[in-house]
Amino acid sequence: MSAAWLAVDRLSLTEGSTRIIDDVSLQLDAQRTVVLGPNGAGKSTLLRLIHGLLHPTGGSLRWPQALTQAMVFQRPVMLRTTALANVIYGLKLKGYPAAECERRARAALAHVDLEALAKRPARLLSGGEQQRVALARAWALEPELLILDEPTASLDPASSREVERIIKAIAASGARILMTTHNLGQARRIGEEIVFIDRGRIVEQTPVEQFFTQPQTEAAQRFLKEEIP
Amino acid sequence: MHEFNEPLVTAWQLVAGADARLADIVLLSLRVSLTATLIACVAGMPIGALLAVGRFPGRRTLIVLFNGLMGLPPVVVGLLIYLLLSRAGPLGQFGLLFSPSAMVIAQAVLVTPIVAALTRQVIADEWTEYREQLRSLGASRSRAAATLLWDGRFSLLTSALAGFGRAIAEVGAVMIVGGNIDGVTRVMTTTIALETSKGDLPLALALGFILIAVVLALNAVAYALRGWAERHWG
């Protein structure tokens, strides 16, 4: 995947006098991109702009080829029904026939190791299990681009590892991954390329190994030093 | 204490003896108010949900309007429905005035804004939590409204109950459009008003106790149902 699948051109999002995203231009061509940056850098906002949940106040996104997308949030949002029905809900919205929805949803739950809990009320599952249902709901849609906003931020280490395994499996099935995380180990394990942003601006965009061994900017060096004491 | 003991005894005698006249009055009250509440829910809940998630001109004005209409005086509603349904009125040809149907209409008009405004509050809270996820999955606003109505079904029980409480307790509207006709449109509240003015306090108070018991029982059932739902669905 060498040609860029998304070109971000002078993207801005201003709220009042605050520039949350400030004139961002970048080409995304890696299959797995991790956006890093300090709190409040605009990581989540950038993801939401790309996913279309927010509209930029300036600039544009150019998609050489329209990609089907799905997004997984930091806190999984579960409807008051079973885990299975939560996965089916996403498929139903895409207009699949009922039998196909059920078949796909069951397969997706199997992929995240939750078949046994398919009929359980989703909201009564543990945080890690709920996030896996959210991943199944996204995976069942077979997105060409999966966006994840700090998917393991509120999970314990064991659940985080499981979520990481699933993200890698989704990537292996061919989806592009664009995610944010506060876990640098995770960024290193999942990412191919790091986009480092600070105060709404792109600071650097580097292949993952290079970012962790020889960050090119002082801001990134400082960030790595602070995050890994 | 005498004036409270006697009606308690009367109430007990009426209930235990399954007094036919009393049963008719209580059943008519329940029939009218439950039907009115049902209509108000069918109309008011979608309105409330759309006010919560919709985006259209005049939305804020409508929210203020529905909130304001929660305090609609029953006698005024009764008067307006009376004018609509009276022989010379626009809906006079249906001959509904002084019938239980007229009472249902009046109470439905009274209760719909209450159900709509309370539903809007419930759904608006859900919308803040679900909004991004539902939009990410590609749900239209009307689809989101329907999803949230279903998802909030147990919380909405409280909205419906508040509406029912208003309907069963009001006297002004049913008095005007029903006419308080013995055996036809006489309900608990209108009977209480009438018997009090006639000086038959024991019967009036007995009915009052039954009215309170009905409302308490329904609230208890709803409370238990919500508790169960929370344990079962989270």
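Domain bounds here come from an automatic or database domain assignment. With that said, hi everyone, and a quick reminder that what you have in front of you is a predicted model.

Let's start with chain A. The assignment divides this chain into domain 1, made of 1–64 + 182–229, and domain 2, covering 77–142. How many ångströms separate the centres of these two domains of chain A? Taken over C-alpha atoms, the centres of domain 1 and domain 2 are 30 Å apart.

Now to the sheet in chain A. We have an open sheet of 6 strands, and reading across, the order is β5-β6-β7-β3-β8-β9, with mixed pairing. Which strands sit at the edges? Those are β5 (69–72) and β9 (201–207) of chain A, each of which pairs on one side only. From one strand to the next, the twist averages 15°.

Let me pick out one pair from that sheet. In chain A, β6 (residues 145–149) and β7 (residues 176–180) run parallel, and 5 bridges join them. If you'd like a spot to click on, try A:Leu145, which stands opposite A:Arg176 in β7(A).

Finally, let's see where the chains meet. On chain B, 13 residues are in contact with 13 residues of chain A. Two helices of chain B, α5 (100–136) and α10 (201–233), each supply at least two residues of the side that touches chain A. The most comes from α5(B), with 6 residues. And what is the makeup of that side of chain B by class? It has 4 nonpolar, 5 polar and 4 charged residues.

That's my tour, so over to you!

Methods: Residues numbered from 1 in each chain as written. Chains lettered and ligands numbered in written order. Predicted model: local features only at pLDDT ≥ 70, side-chain atom pairs only at ≥ 80, totals over all residues. Contact = placed C-beta atoms within 7 Å. Helix = DSSP H or I, 4+ residues; strand = E, 2+ residues; numbered from the N terminus. Nonpolar A, V, L, I, M, F, W, Y, C, P; charged D, E, K, R; others polar. Pairing = 2+ DSSP bridges. Axes fitted to C-alpha atoms, helices over the stretch in contact; angles between N-to-C directions.
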